[in-house]
Amino acid sequence: MAVAGTTAHGPLAGVRVVELAGIGPGPFAAMLLADLGADVVRVDRPGGPGLGIDPEYDVTNRNKRSVVIDLKSEDGPARVLDLVERADVLVEGFRPGVAERLGVGPGACHARNPRLVYGRMTGWGQQGPLAQRAGHDIAYIAPTGVLGMIGRPDEPPAVPANLVGDYAGGSLYLVVGVLAALHHARATGAGQVVDAAIVDGTAHLSSMIHGMVAAGGWQDRRGANLLDGGCPYYGTYETSDGKYMAVGALEARFYDEFVRLLGIEEHAGARTDVARWDALRATVAARFRTRTRQEWTAVFDGSDACVAPVLSLGEAPAHPHLAARGTFTDHGGITQPAPAPRFSVTRTSVRSGPALPGTGAADVARDWGLPHLAEAAERTKDGG
């Protein structure tokens, strides 16, 4: 049964997901499934996750509903398994073996629901020498070679927030795996476990670079290549007001337009002459420092020079193109990225704000056919 305002639309309408509460990539993956229309029930633990922000502002819990279940209580695992029996997907982000010890591992879940897609999100994966070790994004991407690619050659590797590991190498690969396994389950009736490791996904993201290294087109060191800041017409430059412009004028026709608009046509021949790159970089940097970011944005507006202003998170929603597309949306007083990608028929949207722990118990109990869930969840929340 679809719930108005929660599961009424999107390409995954009708898909039921159980999310065992965690932090980082697991909740983001479940949010993406919820954005796509799945009915995501987040199983929160009493007291909430260790590093969680105020639940009212945690947009990774939008479009979800929440129940509170203490998995360490006597009847906690059974209540989760009742949900699993009615679900298509489960997402968990515990260390390997923890779900099994809690009584909600793949064996117990598949015994109740053989069609279940059991999605596991970890940093190191389910097997390997480091599988039981703690970590966060930066430690996972470091051994893959990806962190070492990012930044200037004369400085330590730059930290790309937690976007490359947690969300690109982690959440997105988990979602791809879950959807592929869901397709298989619906075709065959057989569920399976999806082992999504941040180290695997992050390494996979660098596939093209590995091919370029093998072909001799990429040096295995930072800041020496076409796409890592080594190229003077692919990088960022400071403007007179202390802000920045991003340049990506790789192809010849884009480069020609770039140097023309920048006013350095005498450097048109430097594009393929690596010996001239240091001089070109110095000239480009000096030119950008002569005007403000706003002025340079106006100069390159409407061109194919592949130049754009570097905006802050607060500035981004007002960018004319992003505003026209509705790339950001406001819901419940929180400005946030709108669901992506977009669909021509099964439209998506932010339908509900962050799910507060336990507030969805009554609705989930009704819609999933579990009359005792609301009462039991309320007892757990009250400490009973």
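Analyst: Contact here means heavy atoms within 4.5 Å of each other. Keep that in mind as we go. The model is predicted.

User: Which residues does valine 117 contact, leaving aside its neighbours within four places in sequence?

Analyst: Valine 117 touches Asp88, Val89 and Leu90. It also touches Val178, Ala181, Leu182 and Ala185. Gln192 and Val194 complete the list.

User: How many residues are in the largest nonpolar core, and which have the most contacts inside it?

Analyst: A core is built from buried residues, and buried means under 20% relative accessible area. The largest nonpolar core here has 28 residues. Those with the most contacts inside it are Val17, Leu33, Ala38, Val40, Val89, Val117 and Leu174.

User: Which elements give two or more residues to this core?

Analyst: Three helices are among them: H1 (25–35), H6 (163–188) and H7 (198–205). The strands are S4 (89–92), S5 (117–122) and S6 (192–197). Helix H6 gives the most to this core, with six residues.

User: What lies apart from this core?

Analyst: Another core, of 26 residues, lies apart from it. Ile69, Val84, Leu90 and Leu370 are among its members.

User: Now the charges. How many salt bridges are there?

Analyst: Look for a side-chain nitrogen of Lys or Arg within 4 Å of a carboxyl oxygen of Asp or Glu. The count by this rule is 17 salt bridges.

User: Where do arginine 62 and aspartate 35 sit in the chain?

Analyst: Arginine 62 is in the loop between strand S2 (39–44) and strand S3 (64–68), while aspartate 35 is in helix H1. They are 27 residues apart, and the pair links distant parts of the chain. Their closest N and O atoms are 2.7 Å apart, and the two residues form a salt bridge.

User: Is arginine 62 buried or exposed?

Analyst: Arginine 62 counts as buried because its relative accessibility is 3%. Aspartate 35 is at 2%, so aspartate 35 counts as buried too.

User: What does arginine 79 form with aspartate 75?

Analyst: Arginine 79 forms a salt bridge with aspartate 75, and the closest N and O atoms are 3.5 Å apart. Arginine 79 is buried, at 8% relative accessible area. Aspartate 75 is partly exposed, at 32%.

User: Why are arginine 366 and aspartate 363 separated by about one helical turn?

Analyst: They are three residues apart in helix H13 (residues 361–367), so about one helical turn separates them. A salt bridge joins the two, with 3.1 Å between the closest N and O atoms. Arginine 366 is partly exposed at 48%. Aspartate 363 is partly exposed at 31%.

User: Which residues are linked in a network of salt bridges?

Analyst: Asp363 and Arg366 belong to it, together with Asp39, Arg65 and Asp367.

User: On to the surface. Which residues form a nonpolar patch?

Analyst: Met208, Leu226, Leu227 and Tyr234 form one on the surface. Together they have about 330 Å² of accessible area. Tyrosine 234 lies in strand S7 (residues 234–238). Tyrosine 234 counts as partly exposed because its relative accessibility is 31%.

User: Where is leucine 322?

Analyst: Leucine 322 is in helix H12 (residues 320–325). It counts as partly exposed, at 23% relative accessibility. Beyond four places in sequence, leucine 322 contacts Ala316, Thr327 and Phe328. Its C-alpha atom is 26 Å from that of valine 159, and these two are 163 residues apart along the chain.

User: What about the backbone: which residues does a cis peptide bond join?

Analyst: Check the omega angle. Alanine 340 and proline 341 are joined by a cis peptide bond, with omega of about -5°. Proline 341 is in the loop between strand S11 (334–337) and H13.

User: What phi does alanine 161 have?

Analyst: Alanine 161 has a positive phi of about 50°, although it is not a glycine. Its place is the loop between helix H5 (137–141) and H6. Cysteine 306 also has a positive phi, of about 60°. Cysteine 306 lies in the loop between helix H11 (293–300) and strand S9 (307–309). At 35% relative accessibility, cysteine 306 is partly exposed.

User: Finally, what is the mean pLDDT of the chain?

Analyst: The mean is 94, and 95% of the residues reach 70 or more. Over residues 1–7, pLDDT stays under 50. For that stretch the model has 18 contacts beyond four places in sequence.

Terms used
Residues numbered from 1 in each chain as written. Predicted model: local features only at pLDDT ≥ 70, side-chain atom pairs only at ≥ 80, totals over all residues. Heavy atoms only, no water. Patch = residues over 30% accessible without salt bridge, like charges linked within 9 Å, V, L, I, M, F, W, Y side chains within 5 Å. Areas by Shrake-Rupley, 256 points an atom, 1.4 Å probe, with all protein chains shown as cover. Helix = DSSP H or I, 4+ residues; strand = E, 2+ residues; numbered from the N terminus. Buried < 20%, exposed > 50% of the residue type's maximum accessible area, 1.4 Å probe, protein only. Core = buried A, V, L, I, M, F, W, Y, C linked by side-chain atoms within 4.5 Å. pLDDT = per-residue confidence, 0-100.
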